[in-house]
Amino acid sequence: MILSRKYRVEIIALETPKVLNKCHRCKKSTEFYCSEKFRGNAQQKSIDIWLIYKCVHCDSTWNYPILSRVHTNSMDKVLHQKFMNNDRETAWEYAFQMDQLCKACSEVNTNIEYTLKIETVEHKENNIKIILFSKYKFDLRLDKLLKEILDVSRSKLYQMADSSSIITSPQVSMNSKIKEDLLITVTAID
Ligand SMILES: [Zn+2]
């Protein structure tokens, strides 16, 4: 294996995470998908905004609270317009706020479809460097991704990590979820 490569790997989410909630029509806990539509309510100078999720079986709605009782004067006008226009990018930003979302529903399914955009960059060092970045973070496991990029088995990957043939910066364990952009250096694959 040639050890002189540098890859810029962008993780591109192809969908937003589904959430688990009790559906009153299905009368059980089901998955809800993000409709990418907002719902707003203005009352006595106070604004509420929700992001609408729908049951995958019956389309019943679950409203995810985004803003509650924000005074009209302190409301960001540009952001408000985005809510009113059902701006897709804004919807995605909220749909990927895992910590907030987890507090509002029973479970978030982060097992979503994604694709990797891999770009090879010129590199003179005797190692493999992987720059891993993603616009949206969705709890993807590092070992799963590295297995795919390096084309090695899971046990091999852990063996390499144990012998410090793989180093990540910031330092994270192989079984952790990707929470930030990472630089991975591979010094040996035997
Ligand atoms: Zn339902």
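This passage walks through the domains, the nonpolar cores and one helix of a predicted model.

A good place to start is the division of the protein into two domains. Domain 1 is made of residues 5–14 together with 112–186, while domain 2 covers residues 18–109. Between the C-alpha centres of domain 1 and domain 2 the distance is 32 Å.

The interior comes next. In soluble globular proteins, nonpolar side chains tend to be buried together. Here, the largest nonpolar core contains 20 residues, and Leu51 and Tyr64 have the most contacts inside it. Two or more residues of this core come from each of strand 3 (28–43), strand 4 (46–55), strand 5 (61–71) and helix 2 (88–95). Strand 4 is the biggest contributor, giving four residues. Leaving aside residues up to four places away in sequence, Tyr64 touches Trp50, Leu51, Tyr53, Leu101 and Ala104. Another core, of 13 residues, lies apart from the largest one, and Leu142, Ile178, Leu182 and Val186 are among its members.

Leu142 also leads to helix 4, which spans residues 142–150 and in which Leu142, Leu145 and Leu146 are buried. Viewed down the axis of helix 4, the buried residues fall within an arc of 95 degrees, so they line one face of the helix. The spacing fits a general rule: an α-helix has 3.6 residues a turn, so residues three or four places apart point the same way. The partner of these buried residues is helix 5 (154–162), against which they pack. Just after helix 4 comes Asp151, with a positive phi of about 55 degrees.

Notes. Residues numbered from 1 in each chain as written. Predicted model: local features only at pLDDT ≥ 70, side-chain atom pairs only at ≥ 80, totals over all residues. Core = buried A, V, L, I, M, F, W, Y, C linked by C-beta atoms within 7 Å. Buried ≥ 20, exposed ≤ 12 C-beta atoms within 10 Å, placed from the backbone. Contact = placed C-beta atoms within 7 Å. Domains from an automatic or database assignment. Arc of directions from axis to C-beta.
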